[in-house]
Structures are given as structure tokens and as C-alpha cells.
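User: Hi, can you walk me through this one? I'd like plain answers, please.
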Amino acid sequence: MIPALLSDIDRQGWSILPNFLSREEGPALAGECRTAWRGGEFHRAGVGKGAGLAIREDIRRDHVLWLDAAADAAPFQKIYLEKLEQLRLALNERFYLGLFDFEGHFAIYPEGAFYKAHLDRHQNTQERLLTVILYLNEHWLPGDGGELKLWTTQGQQDGPSEIIEPHMGTLVVFLAGDHWHEVLPAAKNRMSITGWFLTR
Ligand code: OGA
Ligand code: MN
């Protein structure tokens with residue numbers, strides 16, 4: 001699995017891996033997400049960073065909860081973070097990227113929610129090098145919407161694109177500052193974990 005991801009990133013800057021988690025791990029992690037959602041732990045996602053952070057319903061309508069490696073009540077979150085740690089080490093070994101950390105959040109897109117086309121690197125920062133998204137939706141059907149549209153030509157929000165359905169266990173990785181992407185409107189609750197490997 002990791003070797004395929006490394007060669008995809010090397011060749012094209014993006015990779016799509018189905019079944020990154022086992023049949024038990026994926027639904028259990030989705031359960032942790034749902035429990036936190038019901039517990040009111042999520043907040044509306046913003047756009048920008050620091051003093052520039054703003055809620056912009058015209059740009060994105062998801063709700064997020066930052067992961068916490070110390071969350072004892074969330075063993076499957078921990079398992080996912082451990083898998084990402086292995087991925088981080090493999091990426092550094094292969095590409096000498098100096099990735100030193102991962103930051104990520106659960107995201108829920110309620111019915112009708114979307115995220116307009118954007119890049120993931122904040123202005124004037126170099127920190128977010130790779131975007132890593134894991135989908136947590138069982139029984140996602142055509143017509144449920146919520147696809148990720150990923151433009152495959154680096155630096156361009158036009159030309160060829162991939163349309164990725166947010167199926168349980170699918171992992172998507174791409175260069176955060178190079179690939180434009182968009183979340184199409186979801187027709188029902190859509191769950192994921194979005195995060196970034198950071199470099200200095
Ligand atoms: C993001 C994002 C894509 C997705 O949170 O920055 O682009 O498919 N998410 O959830
Ligand atoms: Mn994004």
C-alpha cells in the first residue's frame with residue numbers, strides 16, 4: 001500500500017488508496033466521529049489563519065473537530081494516527097521532505113454542505129506540504145454527492161480532474177500547495193478526516 005502511494009506521489013503529486021483501514025477500523029473510527037458530533041464537540045470550519053480566520057458560508061460549510069493524539073476515549077483515532085506516522089517516516093525516507101508532524105481534524109459536511117475550489121497552503125506559509133484525507137462513509141451511493149474534485153495538473157484550476165467518491169477507508173494524498181480541489185455539495189451527512197503533514 002505505502003509503496004504504491006510513494007510512487008504515485010513521485011510520478012504525479014497525488015494518490016488515491018482504497019481500503020487504507022481494515023473493515024473493523026474504518027467503521028469504529030466513524031463511530032468515534034459520530035459520538036463526538038452528537039456530543040456537540042464540532043465547530044464551524046473557518047477560512048484563513050490567525051487574525052485572518054473567518055467563517056465564510058459562501059466558501060465552505062463543513063464542521064470540524066481537531067484530532068487530539070491524547071484522546072483516551074478514541075482508540076481508533078490513535079490507530080489511524082499511528083498508521084499516518086508510518087506513512088510520514090516512509091515519505092521522509094523516500095523524498096527527504098523533513099515532515100515533522102501531522103495536524104488534522106474530523107470534518108462533517110451536513111446535507112447541502114460544500115467546499116469551493118481552493119489550495120490547502122495558507123498564504124505566506126510553507127508548513128502544509130501534503131494533504132491527507134480519509135473518508136468514513138459506509139454505503140455511499142451515486143447521487144449522494146460530496147465527491148472530491150481534484151485537479152491533476154499542478155497549479156491549475158482547470159484541465160483534467162479526478163472525481164473521488166468519499167467511500168469508507170479511501171485515503172487521498174496530494175501536494176497541498178499544488179493541487180486545486182473542491183468538495184461538491186453533499187446530499188447527506190459526509191464524514192472524513194482531513195489533515196496535513198507539516199514541514200519547516
Ligand atoms: C479541506 C478539504 C476535502 C474533502 O478540508 O481542506 O479540501 O474531500 N477537504 O473533504
Ligand atoms: Mn482542502
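Analyst: Sure, one term before anything else: buried means under 20% relative accessible area, exposed means over 50%, and partly exposed is in between, with a 1.4 Å probe and protein chains only. This is a predicted model, in which local features need pLDDT of at least 70 and side-chain atom pairs count only at pLDDT 80 or more, while totals for chains, interfaces and linings use all residues. Residues are numbered from 1 along each chain as its sequence is written, chains are lettered from A and ligands numbered from 1 in the order in which they are written, and side-chain values use heavy atoms, with hydrogens and water left out.

User: Okay. Is A74 buried or exposed?
Analyst: A74 is buried, at a relative accessible area of 8%.

User: And where does A74 lie?
Analyst: In the loop between β3 (63–66) and α3 (75–95). Helices here are DSSP runs of H or I with at least four residues, strands are runs of E with at least two, and both are numbered from the N terminus. The C-alpha atom of A74 is 9.4 Å from that of A28, a residue 46 positions apart from it along the chain.

User: What does E32 touch?
Analyst: Leaving out residues up to four places away in sequence, E32 touches A73, A74, P75, F76 and Q77. Contact means heavy atoms within 4.5 Å. E32 itself sits in helix α2 (residues 25–38).

User: Which side chain of opposite charge is nearest to E32?
Analyst: That's K78, 9.6 Å away; E32 is buried yet has no salt bridge. To count as one, a side-chain nitrogen of Lys or Arg must be within 4 Å of a carboxyl oxygen of Asp or Glu. For charges, Lys and Arg are positive, Asp and Glu are negative, and His and the chain ends are not counted.

User: How many salt bridges does the structure hold?
Analyst: There are 9. One of them joins E85 and R88, with the closest N and O atoms 2.7 Å apart. Those two are 3 residues apart in helix α3, so about one helical turn separates them. E85 is partly exposed at 34% relative accessibility, whereas R88 is buried at 14%.

User: Got another?
Analyst: Yes, D144 and K188 meet through their side chains at 3.0 Å, N to O. D144 is in the loop between β6 (128–135) and β7 (148–151) and K188 in the loop between β10 (181–183) and β11 (190–198), so this pair ties together parts that are 44 residues apart in sequence. D144 is buried at 12% relative accessibility, while K188 is partly exposed at 30%. R56 and D58 also form a salt bridge, at 2.7 Å from N to O. Both partners are partly exposed: D58 at 42% and R56 at 36%.

User: Switching topic: how many helices and strands in the protein chain?
Analyst: It has 3 helices and 11 strands. Along the sequence the pattern reads α-β-α-β-β-α-β-β-β-β-β-β-β-β.

User: What about the radius of gyration of the protein chain?
Analyst: It is 16 Å, which agrees with the value near 16 Å for a compact globule of 200 residues. The radius is taken over C-alpha atoms, and the globule rule is 2.2 Å times the number of residues to the power 0.38. The C-alpha atoms fill a box of roughly 40 × 40 × 35 Å along the principal axes.

User: And what share of the residues is buried?
Analyst: Buried residues make up 47% of the 200 in the protein chain.
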